Amino acid sequence: MSLRNGRSFMAIPGPSEVPDRVLQAMHRGTPDIYAGELPDMMAGIARDLRYVAQTDQNLAIYICNGHGTWEAALANTLQSGDKVLVPATGTFGHSWANAAQRMGIETQMLDHGRKAPVDPEAVRRALEADKSHDLKALLVVHVDTSTSVRSDIAALRAVLDDLKHPALLLVDCIASMGCDEFRMDAWGADVAITASQKGLMVPAGLGFVFFSDRAAEWRKSLTQVSGYWDWTDRAAPEFLYQYFFGTAPTHHLYGLRAALDMIREEGIEQVWRRHQTLAQGLWAAVDHWGQAGTIRANIADPAHRSHAVTTVEIGMGNGDRLRAWCQAQTGVTLGIGLGSQTEDDPKASRIFRFGHMGHLNPPMLLGVLGTVEAGLTALDIPHHPGGVTAAAQAIARDLARV
Ligand SMILES: *Cc1c(COP(=O)(O)O)cnc(C)c1O
């Protein structure tokens, strides 16, 4: 028997659930791209995206996914033969480095493993050793979605400033923007990238590259940037097609407008706060379950955990079993153990990930946690029962704080 019925639920770290309001905004005939509402909407969309990134600087929008924004950020700041420093904290750091390598960029890796955030002191040592300033940029993933670790971006800016090292600070915020606190200008990022399908609650297909005035100036020193990736015209468009170097993603823009309205109405700081409170509820459940058996969050210190994704270790084979059970019996999809393969666990079957990003509230989160606890019970996976109560109490405590 299965209880799968009605609306299913994607509890994976992207694509996240799309709100009805966004879906409804997209449900329309093809709009006029020459004049009227759609072109008129663009200035407000750009303004509100900058609000989400907490920047007054530049924005280029692309029709692409997160991988596309990796390439866009690199194409406008680096050229073949340049060297960059990549302090990786999981799969996504390595993947971004790989994208750079394929563009002819040399990558100096600082591998932090899969349990720790970027260590600013390790970055300091690497930059100090770079006396001739061969390192042109730092490629940092704010929240690595595979390990669910969050790194301190402002601390890296402080190191660069302290050493007077000119390298650009490029930050992947694909899993964090609109979920975890991020302040591009205050924290001194030169480039911040994100995509539509995670914290921004819109289907995959839009990529956003925010860049500082300094990065815009730096771009001018490059001898060649391909027309499609060049951010120059996209950031200062006169006509709708210039935003996109071609046809606009019409329906996505209506969806994005609705999502930004939701974020504006709630307020970005409250959006961050909601994610924090719900994350604390989720961790309370995981910690509680873990009082018996082997369940535990991948990142031990809550101060270094993402508020949007949590990677959980649950014992060999159990991650796969739990995901299969939740999917088949309940319609809840949990995330796979991306990049956590080891020699004795070649399929990362001991890992699963909760996505808790974007369109999420207490009934949604508690529903997922209750479903997972039912799965733990049904599958006889060792755990201390009562995780959902622990989550409810943590949420109630946090709400009572203010
Ligand atoms: C999802 C994600 C990506 C890749 O985005 P795609 O849209 O799948 O290309 C890159 N970096 C991080 C941190 C992500 O979470």
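**View 1. The start of helix 14, where Asn-361 meets Met-364.** A side-chain oxygen of Asn-361 comes to within 3.0 Å of the backbone nitrogen of Met-364 at this helix start. Helices here are DSSP runs of H or I with at least four residues, strands are E runs of at least two, and both are numbered from the N terminus. Please keep in mind that this is a predicted model, in which local features need pLDDT of at least 70, side-chain atom pairs count only at pLDDT 80 or more, and totals for chains, interfaces and linings use all residues. Residues are numbered from 1 along each chain as its sequence is written, and side-chain values use heavy atoms, with hydrogens and water left out.

**View 2. Helix 14 from end to end.** How far should the 17 residues of helix 14 (residues 362-378) span? At 1.5 Å a residue (times one less than the number of residues), the expected span is 24 Å, and the end C-alpha atoms are 24 Å apart, which agrees. After the helix comes Asp-380, whose phi is positive, near 55°.

**View 3. The buried side of the story for helix 14.** Buried means under 20% relative accessible area, with a 1.4 Å probe and protein chains only. The buried residues of this helix include Leu-365, Val-368, Leu-369, Val-372 and Leu-376, and Glu-373 is also on the list. Together, the buried residues pack against partners (contact means heavy atoms within 4.5 Å), among them strand 1 (9-11), helix 12 (268-289) and helix 15 (387-401).

**View 4. The ligand and its shell.** Here 13 residues surround the ligand (each has a heavy atom within 4 Å of it), and the closest are His-67, Thr-145, Asp-172, Gln-197 and Lys-198. Helix 3 (residues 66-75) gives the most to this shell, with three residues. Now look at the polar contacts, which are pairs of N or O atoms within 3.5 Å; within protein, one must be able to donate a hydrogen and the other to accept it, and residues adjacent in sequence count only if both atoms are side-chain atoms. An oxygen atom of the ligand lies 2.7 Å from a polar backbone atom of Gly-66, and an oxygen atom of the ligand is 2.6 Å from an N or O atom in the side chain of Gln-197.

**View 5. Ser-16 in its loop.** Ser-16 sits in the loop between strand 1 and helix 1 (20-26). Is Ser-16 buried or exposed? Ser-16 is buried, with a relative accessible area of 8%. Its side chain reaches the backbone oxygen of Lys-198 at 2.8 Å.

Terms used
Buried < 20%, exposed > 50% of the residue type's maximum accessible area, 1.4 Å probe, protein only.
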